[in-house]
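Biologist: Please take a close look at one residue with an unusual backbone angle, and then set it beside other parts of the chain. Where should I be careful in reading the model?

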Amino acid sequence: MIEKHIILEDIDLVTFYGINNVHLQMIKALYPKLRIVARGNIIKVMGDEEEMCAFEENIEKMQRHCAKYNSLNEETIVSIIKGDLLNGHPAEGAAICYSVTGKAITPRSDNQRLLVQAYDQSDMIFAIGPAGSGKTYVSIALAVRALKNKEVRRIILSRPAVEAGEKLGFLPGDMKDKIDPYLQPLYDALQDMIPAQKLNEYMEQNIIQIAPLAFMRGRTLNEAVVILDEAQNTTPQQIKMFLTRMGQNTKMMITGDMTQIDLPHAVKSGLREAREVLQGVKGISFIEMDERDIVRHKLVTRIVNAYNEYEKLKSETPEPYRRYNAPL
């Protein structure tokens, strides 16, 4: 009789063991000749050497499945142990990564597919488009995939802390409490793709970092996917500072919507200037999205179209006529 310790890494233990350890109990029942004890992320196994080798191999398969798909169920466990697990997964070829429910996250429009291709071809990608076009969500999915595949060591997400037309005033709490409201959309996407316990662990270990843009100054960002969201609200000085933080083996993704600039009127958007300055620079890709890429509620497309028509009409109407002939 021999004894081995198997260490589980890069997975959510609740997903792996199951609620109330139901998956663990099933694994024990399928290996009656082995004595199996689990403590945290360590599984201690005692028994026959040949049986243990098969057990270790199958635990590794379950671990890979759990890490990739964020899910594990009784059917999959039985299939792996019996050796008849079907190869592949629904939408395997198109999937960027998988949600916490095991659903494939795939590009849902032509420009989203171009964004995925640009990530593979360029080290710096600008994704510019209207609200709901999936630019931030797809960018974070690509970052999560890179982290899970061990292509990078960390994900860094940033946003300029600019209020969208409202003065929020003093916010109580420590620094994290003050900046969290600005960064909530990034948390929402991460919570969709990484189980809560694993996400907390990543953030405690600084494997995933979320910080306001001002905290980027002076840093060199190596071995990372770095995403700047809402870049239309940066100044030219801020976006230049951000882009020059790029280090070795790093991908940078910059997203923004030119129709939602919340800067004072006298301040030029850094994203607009970067698009003018960096077009044609080797290694940088620009993906321009439009209302056809919107994947939120169908009304979002109609709202964007209505505002576009309004802005077009306003630009074509002389100022004095607009001022003195506005409806009461």
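**Asp-10 and its surroundings**

Modeller: Asp-10 is partly exposed, at a relative accessible area of 35%; that value falls between the 20% limit for buried and the 50% limit for exposed. The model is predicted, and the angles and areas below are computed from it. Asp-10 sits in a loop, with strand E1 (2–7) on one side and helix H1 (13–17) on the other. Its phi is positive, about 60°, although Asp-10 is not a glycine. Most residues other than glycine have a negative phi.

A second residue can be read alongside it. Glu-223 is not a glycine either, and its phi is positive, near 50°. This residue also belongs to a loop, here the one joining strand E8 (208–212) to strand E9 (224–228). With a relative accessible area of 28%, Glu-223 is partly exposed.

For a buried acidic residue, turn to Asp-180, which is part of helix H7 (residues 175–193). Asp-180 has a relative accessibility of 15% and therefore counts as buried, the limit being under 20%. Its C-alpha atom is separated by 9.8 Å from that of Ala-161, and the two residues are 19 apart along the chain.

Next comes a pair of helices. H2 (residues 22–30) and H4 (residues 74–82) have axes that come within 10 Å and cross at roughly 30°. H2 is therefore roughly parallel to H4, because angles under 35 degrees are counted that way. The crossing of H2 past H4 is right-handed. On the H2 side the contact is made by Val-22, His-23, Met-26, Ile-27 and Leu-30, and on the H4 side by Glu-74, Ile-77, Val-78 and Ile-81. Sorted by class, the contact of H2 with H4 has seven nonpolar residues, one polar and one charged.

As to where care is needed, the protein chain has an average pLDDT of 84, and 87% of the residues score at least 70. Two stretches call for caution. Residues 164–168 have pLDDT under 50 throughout, and the model gives them three contacts beyond four places in sequence. In residues 323–328 the pLDDT is likewise below 50, and that stretch has two contacts in the model beyond near neighbours in sequence.

Methods: Residues numbered from 1 in each chain as written. Predicted model: local features only at pLDDT ≥ 70, side-chain atom pairs only at ≥ 80, totals over all residues. Heavy atoms only, no water. Axes fitted to C-alpha atoms, helices over the stretch in contact; angles between N-to-C directions. Helix = DSSP H or I, 4+ residues; strand = E, 2+ residues; numbered from the N terminus. Parallel < 35°, antiparallel > 145°, perpendicular 65-115°, else oblique. Left-handed = near helix turned anticlockwise from the far one by under 90°. Contact = heavy atoms within 4.5 Å. Nonpolar A, V, L, I, M, F, W, Y, C, P; charged D, E, K, R; others polar. Buried < 20%, exposed > 50% of the residue type's maximum accessible area, 1.4 Å probe, protein only. pLDDT = per-residue confidence, 0-100.
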